[in-house]
Amino acid sequence: MAQAYMTETGSDGRGPERRESRLRRLLDSWRGDRGIWRRGLVLAALALLLALVMLTHARIPNRIGNLGSLTETFLPWLGVFIPVLLVLAFVRRSATALIAVVLTGAVWLNLFGGLLTDKAGTGGDLTVATHNVNADNPDPSGTARDVAASGADVLALEELTASAVPVYEKALAPTYKYHSVQGTVGLWSKYPLGDVRPVDIKLGWTRAMRATVTAPAGPVAVYVAHLPSVRVKMKAGFTARQRDKSANALGEAIADEPLKRVVLLGDLNGTMNDRALNAVTAQMRSTQGAAGDGFGFSWPASFPMARIDQIMVKGVEPVTSWTLPATGSDHLPIAARVTMDATAS
């Protein structure tokens with residue numbers, strides 16, 4: 001029995017030796033192949049083109065169908081082509097293609113590799129969460145209970161309908177003593193709210209608000225926003241003009257904020273890579289990018305492909321950031337825990 005066991009597990013050393021000999025034979029066959037550098041030139045060109053798109057995405061023009069913003073929205077997903085190209089390079093036995101694919105992989109890792117590590121810390125003064133609850137949510141009461149269970153001290157909800165607001169108010173009342181609803185967005189808090197007002201993001205109706213939350217660690221300005229949706233149309237491309245206009249208005253409001261501690265919660269219908277949100281992203285940090293684990297995709301809930309729901313801060317230090325379980329919405333709720341900057345007040 002002992003002898004049979006040793007043979008099956010390869011503990012006699014022959015298993016690793018066979019693998020090593022196969023690898024050596026593969027390398028030897030490539031070394032003697034004169035066409036190894038001439039084959040796979042098309043594959044190499046495709047890999048380099050992919051790398052070029054990732055490196056120069058900011059230069060892709062938006063004049064035609066907002067192609068640049070569309071590319072930036074799904075930019076991380078370009079990485080799925082790299083393993084495919086790598087396999088094809090081996091199949092074609094092309095050293096040229098293999099080198100090009102490795103370089104492309106290095107570009108992707110340079111852009112997004114930092115998001116693959118867990119940067120979550122411990123501690124923190126305030127937990128915040130945000131959720132686009134979806135106007136057609138079949139279970140608003142259940143959704144409210146789910147997000148309240150996250151332990152958030154401050155909760156923002158977007159896409160509230162007039163008929164659903166009383167349901168959310170009733171379901172969240174046991175957890176949150178203070179709240180305000182402005183138009184289709186609302187803010188619920190365990191701590192007092194002051195200086196509550198709508199924020200004009202150039203839509204003609206209210207889809208953004210601002211409030212001062214008097215937290216134990218000090219006051220913080222909290223903005224809630226739901227920027228206009230974008231659409232991908234065959235004839236018009238990535239239609240985002242109204243979203244872009246509203247993003248600029250939101251950025252101006254945040255830039256004029258007198259408090260130094262600022263938290264932005266909401267559905268911005270755009271990712272941190274999207275240049276159209278520069279008015280906001282240039283002055284704030286993403287909690288997911290600073291203290292998250294992975295990409296934190298939030299939409300669509302059935303198969304998340306992009307993080308268009310955002311928690312951004314300035315004058316506040318992100319400690320950890322995460323995505324919450326699905327509710328009855330087509331978005332996933334997201335949350336973060338932050339530490340107040342003692343020098344900002």
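1. A quick definition before we start: two strands pair if DSSP finds at least two bridges between them. Keep in mind, too, that this is a predicted model. With that in hand, look at E3 and strand E4 (residues 185–189), which pair in the antiparallel sense over five bridges. If you want a spot to zoom in on, Gln-182 stands opposite Val-185 in E4.

2. Now zoom out to the sheet this pair belongs to. Six strands make up an open sheet, and reading across you meet E3-E4-E2-E1-E14-E13, with mixed pairing. The edges are taken by strand E3 (178–182) and strand E13 (316–323); each has a single partner strand, so one side of each is left without a neighbour in the sheet. On average, neighbouring strands here are turned by 15° against each other, direction ignored. As a reminder, strands of a sheet pair through backbone hydrogen bonds, either parallel or antiparallel.

3. Next, the middle of that order. E1 and E2 run parallel and are joined by five bridges. One handy example to find on screen: Thr-130 has Ala-156 in E2 as its bridge partner.

4. How many residues of E2 are buried? Five of the five, so E2 is largely enclosed by the rest of the structure. In a regular strand the side chains alternate between the two faces of the sheet. Both faces of E2 are covered: on one side sit Val-154, Ala-156 and Glu-158, on the other Leu-155 and Leu-157, and all are buried. Have a look at Glu-158 while you're there, as it is on the buried list along with its neighbours.

5. Helix H7 (residues 140–148) has its own set of buried residues: Pro-140, Gly-142, Thr-143, Ala-144, Val-147 and Ala-148. What covers them? Among the covering elements are strand E1 (126–132), strand E2 (154–158) and helix H8 (165–172).

6. Last, a helix pair. The axes of helix H5 (residues 81–91) and helix H6 (residues 95–112) come within 9 Å and cross at roughly 165°. Angles over 145 degrees count as roughly antiparallel, and H5 and H6 are therefore roughly antiparallel to each other. The crossing of H5 past H6 is left-handed.

7. Which residues of H5 and H6 make the contact? From H5 come Ile-82, Leu-85, Leu-86, Ala-89 and Phe-90, and from H6 come Ala-97, Leu-98, Val-101, Thr-104, Gly-105 and Trp-108. Sorted by class, that contact of H5 with H6 has nine nonpolar residues, two polar ones and no charged ones.

Notes
Residues are numbered from 1 along each chain as its sequence is written. This is a predicted model: local features need pLDDT of at least 70, side-chain atom pairs count only at pLDDT 80 or more; totals for chains, interfaces and linings use all residues. Side-chain values use heavy atoms; hydrogens and water are left out. Helices (H or I, at least four residues) and strands (E, at least two) are DSSP runs, numbered from the N terminus. Axes are lines fitted to C-alpha atoms, for helices over the stretch in contact, and angles run from 0 to 180 degrees between N-to-C directions. Angles under 35 degrees count as roughly parallel, over 145 as roughly antiparallel, 65 to 115 as roughly perpendicular and the rest as oblique. A crossing is left-handed if the near helix is turned anticlockwise from the far one by less than a right angle, and right-handed if clockwise. Contact means heavy atoms within 4.5 Å. Ala, Val, Leu, Ile, Met, Phe, Trp, Tyr, Cys and Pro count as nonpolar, Asp, Glu, Lys and Arg as charged, and the others, Gly among them, as polar. Buried means under 20% relative accessible area, exposed over 50%, partly exposed in between (1.4 Å probe, protein chains only).
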